[in-house]
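Trainee: Could you take me through one part of this protein slowly, the place where two of its domains meet? I would like to see how the picture builds up from single residues to the whole contact.

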Amino acid sequence: MAQYDVIIIGSGPGGYVCAIRCAQLGLKTAVVEGRETLGGTCLNVGCIPSKAMLHATHQLHEAEHNFAKMGLMGNAPAVDWKQMLSYKQDTIDTNTKGIEFLFKKNKIDWLKGWGSIPAAGQVKVGDEVHEAKHIIVASGSEAANVPGAEVEIDEKIIVTSTGALELDSIPGSMVVVGGGVIGLELGSVYARLGTKVTVVEYLDQITPGQDGEVAKTFQKMLKKQGLKFVTGAAVSKVVAGDGGAVVDYTLRRDDSAKQIEADVVLVATGRKPYVTGLGLDGLGIEMTKRGQIAVDHRYNTSVKGIYAIGDVIEGPMLAHKAEDEGMALAEILAGQAGHVNYDVIPGVIYTHPEVGSVGATEEQLKAEGRAYKVGKFTFMGNARAKAVFAGDGFVKMIADAETDRILGCHVIGPMAGDLIHEVCVAMEFGAAAEDLARTCHAHPTFSEAMREAALACGDGAIHA
Ligand code: NAI
């Protein structure tokens, strides 16, 4: 029986980052992981493989739509699906092996197998029980079913994001149930490959919680790329048949029943915490009404010595939120003051164009009755964006009406997922829009659009 300071269950971005930080801070650390490779959902079947597929298909899109405009003539490349999947697998492998290397470098033990917690201070993996002062549950999440529909997922015809990244061939048609992040990222991948993609979304707009103006523009842009949208539509049934599936939905505006068929149906209606087999019931660990592990602000569960971070607790199910919690908890366990600023957690959708956002939306501020101002700048006024056919989209900077302090920013356009971070830094420092506006930005870069939006919060943007 080995004795550790910390045992972490789960090696996703929450677990592995927490482990590395624990080890760096001098704690003897082990991670329990039952998959063949480290990295959890994100590296194996989520963020990383989907980014590989988005990258590959974006190159195809560029070849088909923009190469000839730049004098690059010839036929657009043909798609070798097997090779594309193998490129995706290579991307996964280099990343998961990278985590293995970091574990060795930091002397973190990988306890291979699925873990459970027989009692506080003990983690069972296979037949072995390991002891630890601190046990951290970082077991992540799994795809949720369509609410109330209990759809039978076979990961071939009716798939979650996992199956969608492993299809035998490129489907002729696909229905995506849910116009959230997964549906739009993977829907984009297949639309670019020639699949007829229809997104069926319960709400009247896609990407719930997103700034309303961004969401509308985003939907229009995706429509131009060939995705079809049925909004205000509640999917109630999905049934697989011969070589395809039938989706039943009700249009909420008039309660009319509709049906749509497709070769493949992607269920992307959210995710739920994954706590199966951990033995939390037996320990009496308190859960929230939504099935998450209840924790306090220092990630303590209701049982002393057991903590939880990432997708199993409340908050956005984002890899980087889990990572931050992992680092904060490691610091707390090492006697430091770990802390996560939940007001500054960026959200990114890796479509083309990308969507990046942080902080408050106009809708939230209106609901709070807070006085704010908006500085907007379109990428059409950005020389670099125009040069690369990326003039669609805009930056929307939101600042306090009186103090000028930045309250949020919403970007739809080229590299939005990277651009958003200058606002994250600014917000962490409590910056005013004027601080950003007075910061020199290199020309010609997309980042100038961020500065222009900040300028638009004051005396006005230059290129508007
Ligand atoms: P989501 O919560 O983003 O979107 C689910 C959508 O399904 C919602 O728009 C909802 O209104 C809709 N829906 C629910 N029931 C429905 C029904 N019966 N009929 C029609 N529509 C229905 O969930 P998603 O896209 O599955 O993603 C899961 C989690 O993974 C999210 O928390 C997301 O943030 C995270 N994720 C983040 C990524 C990123 O940061 N780029 C990438 C992929 C996932």
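Mentor: Happily! Start with one pair of residues: Lys396 and Asp211 form a salt bridge, and their closest N and O atoms lie 3.0 Å apart. Keep in mind that this is a predicted model, with the chain assigned to domain 1 (3-142 + 272-333), domain 2 (150-269) and domain 3 (347-456). Between domain 2 and domain 3 the count is four salt bridges. Polar contacts can be counted there as well: six residue pairs, both partners at pLDDT 80 or more.

Now look at which elements of domain 2 face domain 3. Two of them, α6 (181-192) and α7 (212-224), each give two or more residues to that side. The largest share comes from α7, with seven residues. Sorted by class, this side of domain 2 has five nonpolar, seven polar and five charged residues.

Next, step back to the whole contact. On the domain 2 side 17 residues take part, and they touch 18 residues of domain 3. The centres of the two domains, taken over C-alpha atoms, are 29 Å apart. The size of an interface is often given as the accessible area lost when the parts come together. For domain 2 and domain 3 that buried area is about 1400 Å², and 59% of it is on carbon and sulfur atoms. Within domain 2, the residues that lose the most area to domain 3 are Asp211, Glu213 and Met221, which together make up 33% of what that side buries. So we return to where we began: Asp211, one of those three, is also the salt-bridge partner of Lys396.

Methods. Residues are numbered from 1 along each chain as its sequence is written. This is a predicted model: local features need pLDDT of at least 70, side-chain atom pairs count only at pLDDT 80 or more; totals for chains, interfaces and linings use all residues. Side-chain values use heavy atoms; hydrogens and water are left out. Domain bounds come from an automatic or database domain assignment. Contact means heavy atoms within 4.5 Å. Buried area is the accessible area (1.4 Å probe) that two parts lose on being put together, summed over both. A salt bridge is a side-chain nitrogen of Lys or Arg within 4 Å of a carboxyl oxygen of Asp or Glu. A polar contact is a pair of N or O atoms within 3.5 Å; within protein, one must be able to donate a hydrogen and the other to accept it, and residues adjacent in sequence count only if both atoms are side-chain atoms. Helices (H or I, at least four residues) and strands (E, at least two) are DSSP runs, numbered from the N terminus. Ala, Val, Leu, Ile, Met, Phe, Trp, Tyr, Cys and Pro count as nonpolar, Asp, Glu, Lys and Arg as charged, and the others, Gly among them, as polar.
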